[in-house]
Amino acid sequence: MLSTAACAAVALEAAEVAEPAAAVAEVAALLAEVEALLAEVLAALAEDAALVALVLAAEALLEAFVALVEAAEALFEALVAEVAAALSEAAAAVSEAAAAVALFPAFVAAVDAVEALEAALDAEVLAALAELAALVAEVEADEAELAAADALDAAALALLAAAEALAAAATASMISAQ
């Protein structure tokens, strides 16, 4: 049988062995807690990385939106310029139309004047034609008078020839009667 001292020594050695085992167990527990904390930290870091990525994506989206707004502003300015140009052209067309409308009475008056001038010219042409017809009639009458005078001259010449023939016959008959 072991002595009490030996039992105490064994118990003391067992206690000394148990202490480091307990310390190792405590260290293991602390390591487990540290691992859990590291896992939480890693999870938080992952969440932070996701948040950073989300923020970066939001910033990129915001930059794209700003670029889109700038492009829309440029397009709007171009549209405003086009509308201003179109309004200017429309105003010019309206002023041209107003000028044409203002000129229309003068145009109508000019057309009326031309028509009146044509009517006057037609009347003058008709009068000239009438005068020409009268002149032609006078010429024809003069020609008829000339023809009648020629006929009278021919008749006078015939009478003269007949008178000469009678005179010759009378002279011959007088000579033969002697």
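**Exercise 1.** What percentage of the 178 residues of the chain count as buried?

*Solution.* The structure is a predicted model. A residue counts as buried under 20% relative accessible area. Of the 178 residues of the chain, 0% count as buried. The accessible surface of the chain comes to about 14400 Å², and carbon and sulfur atoms account for 75% of that surface.

**Exercise 2.** Determine how many helices and strands the chain has, and place Val136 among them.

*Solution.* The secondary structure consists of one helix and zero strands. Helix 1 covers residues 4–177, and Val136 has its place there.

**Exercise 3.** Classify the aromatic pair of the structure by its geometry, and state the exposure of each partner.

*Solution.* The structure contains one aromatic pair. Its partners are Phe104 and Phe107, whose ring centres are 6.5 Å apart and whose planes stand at 35°. Planes under 30 degrees apart would count as stacked and those over 60 as edge-to-face; the pair is therefore tilted. Both residues belong to helix 1, where they are three residues apart, about one turn of the helix. Exposure requires over 50% relative accessible area. Phe104, at 51%, is exposed, and Phe107, at 53%, is exposed as well.

**Exercise 4.** Identify the residues of the nonpolar surface patch that includes Val136, and classify the exposure of Val136.

*Solution.* The patch is formed by Val125, Leu126, Leu129, Leu132, Leu135 and Val136. Together these residues have about 550 Å² of accessible area. Val136 has a relative accessibility of 40%. This value lies between the cut-offs of 20% and 50%, so Val136 counts as partly exposed.

Terms used. Residues are numbered from 1 along each chain as its sequence is written. This is a predicted model: local features need pLDDT of at least 70, side-chain atom pairs count only at pLDDT 80 or more; totals for chains, interfaces and linings use all residues. Side-chain values use heavy atoms; hydrogens and water are left out. Patches are made of residues with over 30% relative accessible area and no salt bridge: like charges are joined within 9 Å, nonpolar side chains (Val, Leu, Ile, Met, Phe, Trp, Tyr) within 5 Å. Accessible areas come from the Shrake-Rupley method with a 1.4 Å probe; for residues, only the protein chains shown count as cover. A salt bridge is a side-chain nitrogen of Lys or Arg within 4 Å of a carboxyl oxygen of Asp or Glu. Helices (H or I, at least four residues) and strands (E, at least two) are DSSP runs, numbered from the N terminus. Buried means under 20% relative accessible area, exposed over 50%, partly exposed in between (1.4 Å probe, protein chains only). Rings of Phe, Tyr and Trp (its six-membered ring) pair if their centres lie within 6.5 Å; planes under 30 degrees apart count as stacked, over 60 as edge-to-face and the rest as tilted.
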